[in-house]
Structure formats: structure tokens, C-alpha cells
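Work through the exercises below with the coordinates open. Try each task before reading its solution.

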Amino acid sequence: MSDHYGNGNHNGYNNNNNNHHHNNNYNNNDRGGGGRYNNNRAPKEGKDSERLAAYKQNLDQQLASQEKKTAFRRIVDHGNNMGRWYINKSLGLTRNQQPIGKIRPDSSYLIDLLPSMAYSSSSNLDCNSNRNNMAIMDIETKFVHLSSNKVKHSINTVKWTPEGRRLVVASHSGEFTIWNGMTFNFETIMQAHDSPILSLQYSHNDEWLLSGDQSGGVKFWQPNFNNVNNITAHPSGVRDIAFSPNDSKFLTCGDDSTVKIWNFNNGQEERTLTGHHWEVKSADWHANLGLIVSGSKDNLVKLWDPRSSTCVTTLHGFKHTVNKTRFQPTGTKRLLAAVSRDRSCRIFDLRTMKDILVLRDHETDLSCVAWHPVHASMLTTAAFNGAMNQYLLDSYIPDNDNSSSNTNSTNNNNNNNNNNNYRNKNDNFKSIDSLEAVHKIPFAHEKAIHTLEYHPMGHLLCSAGSDKTARFWSRARPNDPKSYKDAVYTDQKNGAWYYVANNNVNAIIEDEESKLTTSSISGNAPLPPPTTQYANASSSLNSLSESRSGGINVPGLNNVTIPGLNYNR
């Protein structure tokens with residue numbers, strides 16, 4: 001913008017100097033009484049006026065085009081709440097955990113919404129009252145933006161850059177598309193592969209990016225997307241890539257039913273893990289344990305020792321293809337999540353090598369799963385019908401009517417019975433504890449969701465899939481009456497339904513239905529329009545009363561409705 005404006009002024013400056021030079025010549029020749037410019041004085045002035053008018057018109061057009069580009073753009077800015085949190089820490093105001101009722105259903109309370117790290121129990125161990133499950137404050141429920149290319153292709157995987165400023169989208173056409181991570185606008189596009197890209201992975205030191213395609217090739221990229229090395233890892237598609245804890249090695253898994261370990265420095269294969277009987281769909285390398293997990297189309301989840309290339313254990317339980325396996329990235333890091341086409345997500349405990357929870361809330365096959373980068377108990381799953389569910393694993397309370405004194409013995413007996421029933425093939429695995437989702441987005445996408453990726457700070461979630469779009473989700477804002485009346489909840493998607501969310505300047509769109517409700521009482525004549533303050537308060541109370549039946553249950557708090565985290569049914 002400033003470049004164009006600067007070039008316009010520069011050209012005007014040169015034109016003025018040239019005009020001044022010609023005027024001097026004209027005056028000097030005029031004094032001599034016989035200059036060659038005397039006879040053409042009137043035509044010269046006419047040409048100068050025409051040029052000046054054309055220049056002014058051109059300058060006005062440039063300024064007008066620049067004014068159009070200065071339109072406000074919606075942005076998800078994490079700087080405000082991060083700054084407030086650091087100020088509170090410097091003042092010693094973070095010794096006690098923020099109470100759940102601190103944020104009220106009013107826009108003015110947005111200043112009290114802290115970053116995800118402030119609500120994490122593992123990041124605030126020194127708090128005097130660190131008992132509440134504050135992860136409930138960080139559930140990504142609000143649809144923020146939809147990004148799609150002009151030439152649309154199915155999206156198989158996405159990755160946030162390590163600093164979180166951009167999102168890398170890998171499409172079925174073999175292209176990298178870079179989107180801004182705060183304003184979600186397009187930045188650049190490049191042809192990275194000649195075949196569909198199936199996997200992306202950044203190294204732990206944030207200096208390298210690996211991408212795998214459907215032809216079995218793996219490419220090495222620097223942060224500036226300079227391609228420095230290419231290898232052929234598998235004869236067919238590379239389904240997943242993961243780095244070792246020190247980034248000296250990485251693994252790939254493919255359709256040839258193998259998992260391979262590679263030396264990152266020279267790109268040479270070191271080991272091949274064989275044992276699956278069909279395509280290996282997903283693999284992961286534990287962050288601080290010598291452990292590799294793989295999930296395959298043969299319904300098995302296998303754990304491997306990368307040093308000896310031996311299978312440590314095989315986890316049976318899924319009845320269909322295992323699509324995604326992921327280790328817990330935070331907290332104790334001793335849990336493993338895996339999703340399958342049998343409509344279930346299983347949580348395994350690495351210490352006992354058994355599944356401790358089964359999530360069966362989806363109506364169709366599951367496609368992917370993602371752990372929250374800050375909250376160790378938060379998990380998000382996605383399905384082939386475009387639905388997303390979010391869970392808090394530590395919100396599970398077993399159904400037990402006995403007294404607390406008998407809890408331990410009862411739990412031990414239940415565990416023994418569960419293990420025995422689990423081995424019985426006729427019980428359909430019903431004895432394993434199940435957990436309901438704390439939040440559901442039933443129409444997040446129109447087609448299958450292929451990938452879920454959390455922002456490194458945890459305040460944003462990106463989902464992408466077969467509908468050829470990448471969609472961004474954020475935490476709910478206080479006093480947002482239409483937060484749960486979006487098309488992703490009601491399925492009222494007519495035409496470019498996302499246009500309002502993408503281009504509206506205001507983050508909160510006023511709800512006309514609630515406005516009409518508050519303007520009349522029991523069918524009487526409409527009341528005069530209230531002031532903004534009381535209108536917000538009345539609409540907030542109305543939304544609270546309507547959503548009382550659909551509240552979210554918080555562990556330890558019965559029948560509590562949290563403002564901004566409930567939706568009307």
C-alpha cells in the first residue's frame with residue numbers, strides 16, 4: 001500500500017522538476033526575444049494541463065483503490081489475553097486459580113478470558129486452588145473462518161508452523177497453500193509434489209518439515225520451504241511421518257504394511273518394522289519414551305521398540321480399520337488415543353497396556369483424533385460424516401451408588417470383572433467404561449474430515465477434509481447469542497453460508513429472534529428500544545434461560561450452566 005503511494009509521489013516529484021526546467025528555458029528564451037517556444041506557448045500549456053489532469057485522475061484512482069483495501073478484517077488475536085496474563089503474574093494475581101464464574105455473559109468480561117496456559121493444571125501447579133477442571137474454558141466451539149482455494153482439491157493433512165503464525169495446507173493436487181494464522185487470509189501457494197500429499201510433520205527443533213505423497217516419496221523442507229532432499233520411502237503412499245525425540249531419526253508408514261525408521265542426516269533406511277498384515281494407516285513416536293505405535297487396516301494397534309525393531313505388544317479391541325493413533329503430548333504422556341472405522345475411539349494406558357475408556361458418541365466411522373497441546377485431558381475426534389466431538393477424559397465419574405469407604409474395593413472388583421468380561425467375546429466389549437462428549441458440532445463439515453490440528457497455543461483448532469475447505473474454530477466469546485445458531489449446528493447451509501462469518505467486521509452478530517423476544521412481553525405491544533447495556537443483559541438472560549436444559553456438566557458441580565458454553569436445542 002505504502003509502496004504504491006510512495007511511487008505515485010515520486011513520479012509527481014519528477015514531473016514537477018521537469019516542468020520547472022522547461023519553464024526556465026521558456027523564460028530565458030523569452031527574454032532573448034526570439035525563442036523557439038514563443039510560437040507554441042498556448043499548445044504547450046494545453047498539453048501540460050491535460051497531463052496534470054490525467055495525473056491527478058490516476059492518483060485519485062490509486063488512492064481510491066487503497067481505501068478499499070483498508071477495510072477492517074476479523075482477526076483472532078492472542079496478544080491481549082497473553083499480555084493480561086503476564087501482567088497478572090507479575091503482580092502475583094495468579095496464585096489462586098480463576099474461578100469458573102469469573103467470566104459473565106457480557107462482552108465487557110472478554111478481558112478476563114485468559115490464554116489456554118492459564119487454565120492448564122500442569123502449567124499452574126503452584127496455584128493454591130487448582131481443583132477445578134478449567135479445561136472447560138478452552139473448548140473450541142465457535143466457527144471463525146472458512147478458507148478454500150480458487151481451484152479446490154481435497155485436503156488430506158494440515159500443519160501449523162512451529163511459531164503458530166501460518167497454517168500449511170497440503171492438498172490432493174500436491175500443492176502447499178499457506179494461510180495466515182490470525183486473519184486467515186491467503187498468503188501463497190506452491191507446487192510441492194507431483195502426486196497427492198498424504199502426510200506432514202515438523203521436527204521438534206522447528207527447523208525441518210517432512211512431507212510424504214501417494215507415490216511413496218518423502219521431501220525435506222526448510223522453514224522457508226526450500227526443498228533440500230528427496231527420498232523414496234515406500235513403493236506406494238506414505239500415510240504418516242513422525243520424528244524421534246532428538247530429531248536424529250524419523251519414521252514413515254505406508255500402504256506396503258511396513259513401518260520404516262530412517263536416519264535424518266543421510267536419508268538412509270535403518271530398520272523396517274514388519275508385523276502388520278495390511279496397510280499401515282498411522283504411526284507415532286513417543287516424545288520421551290523409546291516407543292512407536294502403529295495402527296493398520298488389519299484392526300490392530302502395535303507398540304514397537306525402535307532400538308530392536310521388535311513388537312512390544314499388540315492391542316486387540318478394534319473391529320475395523322484403525323485410522324489414527326496419537327500419543328498424549330502433555331501431562332503424564334502415558335496415554336494413547338486411537339480411532340477406528342468401527343465408530344469408536346479407545347484410550348489406552350501405556351503402563352498397563354490396556355484400554356481404559358471407549359468413546360462411542362459418533363454416528364458413523366471415525367477418521368482422525370487430536371490431543372489438545374495444553375490440556376492433557378482434552379481430546380477431539382472427527383468422523384466421516386463431518387461431525388466433531390470434544391471430550392474431557394478426567395470428567396468421567398463412574399456410576400457407583402456405594403459409599404465412599406467402599407469405593408476402592410468396589411473399583412477393584414469392577415476392574416476384575418471388567419477384565420474378565422473384556423476377554424469374553426460375546427459381551428461386545430460393553431464392560432469397558434465409556435465417556436460422553438462435553439461438546440458436539442454435528443455439521444462441522446459437509447463431507448469426511450481427514451485431519452485435525454490444534455494451534456500450538458491451544459486457542460484455535462483447524463479441521464479439513466473431503467469438502468475441500470479448511471475451517472477454523474476458536475473458544476466462545478461472552479455474550480454471543482448466535483454462537484450455537486450457526487449453520488454448523490443447525491445445518492442450514494444455503495449457498496455461501498459462510499460469507500457472513502468470513503466477512504463480517506463484528507465478531508458477535510446480533511440475534512434478531514432474541515431481540516424480538518426481549519422487545520415484547522406476553523404478546524403485548526412492543527416496548528421502546530432499550531439501551532445497549534440493558535439489551536445485552538436481557539438477551540444474555542434470555543439465552544441462559546433457553547439453554548438451561550442443554551448445559552454442560554462440570555465435574556464436581558451439578559446442574560451448573562456456564563455462560564458461553566451452552567447451546568439451544
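**Exercise 1: A four-strand sheet**

T325 stands opposite A338 in β19. This is a predicted model: local features need pLDDT of at least 70, side-chain atom pairs count only at pLDDT 80 or more, and totals for chains, interfaces and linings use all residues. Residues are numbered from 1 along each chain as its sequence is written, and side-chain values use heavy atoms, with hydrogens and water left out.

Task: Starting from β18, find the order of the strands in this open sheet.

Solution.
- Fix the terms. Helices (H or I, at least four residues) and strands (E, at least two) are DSSP runs, numbered from the N terminus. Two strands pair if DSSP finds at least two bridges between them.
- Take β18, residues 322–327. Five bridges join β18 to β19 (residues 335–340), and the two run antiparallel.
- Step on to β20. Five bridges also join β19 to β20, again antiparallel. Here V339 has C345 of β20 as its bridge partner.
- Read off the order: β18-β19-β20-β21, with antiparallel pairing.
- Mark the edges. β18 and β21 each pair on one side only.
- Add the twist. Neighbouring strands are turned by 20° against each other on average, direction ignored. Axes are lines fitted to C-alpha atoms, and angles run from 0 to 180 degrees between N-to-C directions.
- Check the cover of β18. Six of its six residues are buried, meaning under 20% relative accessible area (exposed is over 50%, partly exposed in between; 1.4 Å probe, protein chains only).

**Exercise 2: A second sheet**

Task: Which strands stand at the edges of the open sheet that contains β28, and why is one side of each left without a neighbour?

Solution.
- Write the order: β1-β28-β27-β26, with antiparallel pairing.
- Pick the ends. β1 (140–147) and β26 (449–454) each have a single partner strand, so one side of each lacks a neighbour in the sheet.
- Note the twist, which averages 25° from one strand to the next.
- Inspect one pair. β1 and β28 (residues 470–475) pair in the antiparallel sense over six bridges. S147 stands opposite A470 in β28.

**Exercise 3: Two loop residues**

Task: Is D112 buried or exposed? Is R351 buried or exposed?

Solution.
- Locate D112 in the loop between α3 (79–90) and α4 (116–119).
- Apply the cut-off. D112 has 11% relative accessibility, so D112 counts as buried.
- List its contacts (heavy atoms within 4.5 Å). D112 touches R84, Q98, K102, I103 and Y119, not counting residues up to four places away in sequence.
- Look for a polar contact: N or O atoms within 3.5 Å, one able to donate a hydrogen and the other to accept it; residues adjacent in sequence count only if both atoms are side-chain atoms. The side chains of D112 and R84 make one at 3.3 Å.
- Turn to R351, in the loop between β20 (345–349) and β21 (354–359). Its relative accessible area is 58%, so R351 is exposed.
- Compare sequence and space. R351 and R334 are 17 residues apart in sequence and 6.9 Å apart in space, C-alpha to C-alpha.

**Exercise 4: Nonpolar cores**

Task: Which residues touch the most other members of the largest nonpolar core?

Solution.
- Define the core: buried Ala, Val, Leu, Ile, Met, Phe, Trp, Tyr and Cys residues joined through side-chain atoms within 4.5 Å.
- Name the hubs. Of 39 residues, M388, L452 and W473 touch the most other members.
- Trace the suppliers. Elements that each supply at least two residues include α3, β1 and β26.
- Find another core, which lies apart. This one has 16 residues, among them A337, V339, L435 and A437.
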